[in-house]
Amino acid sequence: MELPYSIVRNAVWIFLVFIVSSSFIVFFSSAAHEEYPFFSWALFQNAPQPVGHEDVIRFTHIDGRKLDEPVYTYDAAEVLGIVGRNQFIVWEQYLVAAITHKDAEAIRRHRLDFEKIINRPISYQLVTIEYDTIERWRTGAILSAEVIQSYTSGDGKH
């Protein structure tokens with residue numbers, strides 16, 4: 001089924017009128033200011049903070065063996081053989097939020113869910129990491145890590 005020419009022509013005119021009128025409104029209403037996304041350089045003016053902080057989970061033992069270097073959640077999906085990496089990170093965020101808010105019931109519930117996803121004996125820690133934002137993006141380097149809490153799957157604390 002083909003649309004009649006008059007409908008297509010009218011739709012194109014309506015679209016063009018909308019674009020032109022929107023541009024005039026933006027231009028004349030903000031003569032002293034830039035309006036994103038039309039005339040903004042803000043994306044290029046704002047550099048990231050040099051040091052970032054984040055609460056994350058890192059693994060120290062998997063299947064009863066100590067890891068040479070602790071593995072952070074972003075890299076752990078491959079090490080643990082977990083297919084749903086995004087789901088894994090979402091569960092990490094739930095667990096981190098419960099621990100930082102000191103909600104005992106939520107910690108228990110999210111630990112059980114988190115450990116079910118992994119389905120292997122593990123030891124893990126909640127750590128606050130500090131990193132240079134550019135270096136973390138480039139190389140994954142972390143400046144420091146402070147352990148907040150340590151857990152072992154099936155340790156009876158949940």
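## A nonpolar patch and two cores

In this predicted model, V8, V12, W13, F15, L16, V17, F18 and I19 make a nonpolar surface patch of about 800 Å². Patches are made of residues with over 30% relative accessible area and no salt bridge, nonpolar side chains (Val, Leu, Ile, Met, Phe, Trp, Tyr) being joined within 5 Å and like charges within 9 Å; a salt bridge is a side-chain nitrogen of Lys or Arg within 4 Å of a carboxyl oxygen of Asp or Glu. V17 has its place in helix α1 (residues 5-29) and counts as exposed because its relative accessibility is 52%, where exposed means over 50%, buried under 20% and partly exposed in between (1.4 Å probe, protein chains only).

Residues are numbered from 1 along each chain as its sequence is written. Local features need pLDDT of at least 70 and side-chain atom pairs count only at pLDDT 80 or more, while totals for chains, interfaces and linings use all residues, and side-chain values use heavy atoms, with hydrogens and water left out.

The protein has six helices and four strands, which follow the pattern α-α-β-β-α-α-α-β-α-β along the sequence; helices (H or I, at least four residues) and strands (E, at least two) are DSSP runs, numbered from the N terminus. Strand β3 (residues 122-132) has eight of its 11 residues buried. Its pairings, for which DSSP must find at least two bridges between two strands, are set out below.

| Strands | Direction | Bridges |
|---|---|---|
| β1 (residues 51-62) and β3 | antiparallel | 11 bridges |
| β3 and β4 (residues 144-152) | antiparallel | eight bridges |

I62 has I122 in β3 as its bridge partner, and I129 stands opposite A145 in β4.

The largest nonpolar core, a set of buried Ala, Val, Leu, Ile, Met, Phe, Trp, Tyr and Cys residues joined through side-chain atoms within 4.5 Å, has 23 residues, of which F59, L80, F88, F114, I118 and Y124 touch the most other members. At least two residues of this core come from each of β1, β2 (65-72), α3 (73-80), α4 (85-100), α5 (104-118) and β3, and α4 supplies the largest share, six residues. Apart from this core lies another, of five residues, including V56, Y72, V127 and I129.

Leaving aside residues up to four places away in sequence, Y124 touches I57, R58, F59, T60, L95, R111, F114, E115, Q149, S150 and Y151, contact meaning heavy atoms within 4.5 Å. Over the protein, residues 24 or more positions apart account for 57% of the contacts with a separation of 6 or more. Of its 158 residues, 27% count as buried.

Note on methods. Areas by Shrake-Rupley, 256 points an atom, 1.4 Å probe, with all protein chains shown as cover.
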